[in-house]
Amino acid sequence: GIPRSEQKYLFDRFFRGSNVENIQGTGLGLNIVKRYINMLNGTIKFKSTEGVGTTFTIKLPIKA
């Protein structure tokens, strides 16, 4: 899970959590995902418990 003190930065460009030292990345992925979801008038939320895990929920409107 994501440390509570860092959760407010999760969707910022180039942000990488302090607990992902051994995982490669640039810190752009969630920022890009959030931007596209916003363009589609959707939402993204998450629940995280440090040491346990994180669950993301994405909601997109459906046009019929």
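User: What is pLDDT, and which elements of the chain have the lowest and the highest mean pLDDT?
Analyst: pLDDT is the predictor's confidence in each residue, on a scale from 0 to 100. The structure is a predicted model, and the chain has a mean pLDDT of 89, with 100% of its residues at 70 or more. Among the elements of the chain, the lowest mean, 94, belongs to α1, and the highest, 96, to strand β2 (residues 53-59).

User: Is N31 buried or exposed?
Analyst: N31 is placed in helix α1, which covers residues 29-39. A residue is classed as buried under 20% relative accessible area. Because its relative accessibility is 11%, N31 counts as buried.

User: Which backbone oxygen lies 2.9 Å from a polar atom of the side chain of N31?
Analyst: Leaving aside residues up to four places away in sequence, N31 touches F11, D12 and R13. A polar atom of the N31 side chain lies 2.9 Å from a backbone oxygen, that of F11.

User: How does I32 count in terms of exposure, and at what relative accessibility?
Analyst: I32 also lies in helix α1. The partly exposed class runs between the 20% and 50% limits. I32 therefore counts as partly exposed, at a relative accessibility of 40%.

User: Which element gives the largest share of the nonpolar patch?
Analyst: The nonpolar surface patch, of about 700 Å², is made by I32, V33, Y36, M39, L40, I58 and L60. Four residues of the patch come from a single element, and this largest share belongs to α1.

Technical notes: Residues numbered from 1 in each chain as written. Predicted model: local features only at pLDDT ≥ 70, side-chain atom pairs only at ≥ 80, totals over all residues. Heavy atoms only, no water. Helix = DSSP H or I, 4+ residues; strand = E, 2+ residues; numbered from the N terminus. Buried < 20%, exposed > 50% of the residue type's maximum accessible area, 1.4 Å probe, protein only. Polar contact = N/O pair within 3.5 Å; in protein donor to acceptor, adjacent residues only side chain to side chain. Contact = heavy atoms within 4.5 Å. Patch = residues over 30% accessible without salt bridge, like charges linked within 9 Å, V, L, I, M, F, W, Y side chains within 5 Å. Areas by Shrake-Rupley, 256 points an atom, 1.4 Å probe, with all protein chains shown as cover. Salt bridge = Lys/Arg side-chain N within 4 Å of Asp/Glu carboxyl O.
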